[in-house]
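Student: Hey, I've just opened this one and I'm new to it. Can we walk through it together?
Tutor: Sure, ask away.
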Amino acid sequence: QVQLVESGGGLVQAGGSLRLSCAVSGTSLDTIDTMAWYRQAPEKQREWVATIAPFGRTDIAESVKGRFTFSRDNAKNMVYLQMDFLKPEDTAVYYCGADLHGLGVYSSWGQGTQVFVSS
């Protein structure tokens, strides 16, 4: 069973940076088709942030494009979300998810890591 553990969240001032990590266990990352980051702000629905395909192709939400970078390291079984020029509206719990077969179904999720951006 695939297990995901996020880390790297915290408190940062607007304009600052954080790097979120998601550790994959239970399988090799290179057997997972697509990984994604989602986020959920208080009293809002979960929002898609970014997706990364097996060979590194990424799709990034317009709201964070140019500021966030998604990468994967199959050798380390890790994915990363580099977040730069953070804004208060980026405050949310960030979750990574795994779509094992590339069918748009995320069957595994981490517990989330909190990001708080102060103005």
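Student: Okay, which residue in β6 does Ala50 stand opposite?
Tutor: Ala50 faces Ile60 there. Keep in mind that this is a predicted model.

Student: And how do β5 and β6 pair, parallel or antiparallel?
Tutor: Antiparallel, with three bridges between β5 and β6, the latter covering residues 58-60. The two make a hairpin with five residues between them.

Student: Which residue in that turn has a positive phi?
Tutor: That's Gly56, with a phi of about 95°.

Student: What about the other side, how many bridges join β4 to β5?
Tutor: Five, and those strands run antiparallel. β4 spans residues 34-40 and β5 spans residues 47-52. One pair to look for is Tyr38 with its bridge partner Trp48 in β5.

Student: How many residues sit between β4 and β5 in their hairpin?
Tutor: Six, and Glu43 in that turn has a positive phi of about 65°.

Student: Let me zoom out. What secondary structure does the protein chain have?
Tutor: Eleven strands and zero helices. Reading from the N terminus, you meet one β element after another.

Student: Why does a radius of gyration of 13 Å agree with a compact globule?
Tutor: Because a compact globule of 119 residues would come out near 14 Å, and the protein chain has 13 Å. Along its principal axes, the C-alpha trace spans about 40 × 25 × 25 Å.

Student: How much of the protein chain is buried?
Tutor: Buried residues are 45% of the 119. As for the accessible surface, it comes to about 6,300 Å², and carbon and sulfur atoms account for 50% of that.

Student: Back to strands. Which residues are on the covered face of β7?
Tutor: Phe68, Phe70 and Arg72. The uncovered face has Thr69, Ser71 and Asp73.

Student: Why do the faces swap like that along a strand?
Tutor: Because side chains in a regular strand alternate between the two faces of the sheet.

Student: Which residue in β8 is the bridge partner of Arg72?
Tutor: Val79. In total, six bridges join β7 to β8, and the two run antiparallel. They form a hairpin with four residues between them, where Asn77 in the turn has a positive phi of about 60°.

Student: Last thing, charges. How far apart are the mean positions of the positive and negative ones?
Tutor: They're 3 Å apart, taking 10 positive and 12 negative charges in the protein chain.

How values were computed: Residues are numbered from 1 along each chain as its sequence is written. This is a predicted model: local features need pLDDT of at least 70, side-chain atom pairs count only at pLDDT 80 or more; totals for chains, interfaces and linings use all residues. Side-chain values use heavy atoms; hydrogens and water are left out. The radius of gyration is taken over C-alpha atoms; the globule rule is 2.2 Å times the number of residues to the power 0.38. Buried means under 20% relative accessible area, exposed over 50%, partly exposed in between (1.4 Å probe, protein chains only). Accessible areas come from the Shrake-Rupley method with a 1.4 Å probe; for residues, only the protein chains shown count as cover. Lys and Arg count as positive and Asp and Glu as negative; His and the chain ends are not counted. The place of a charge is taken as NZ of Lys, CZ of Arg, CG of Asp or CD of Glu. Two strands pair if DSSP finds at least two bridges between them.
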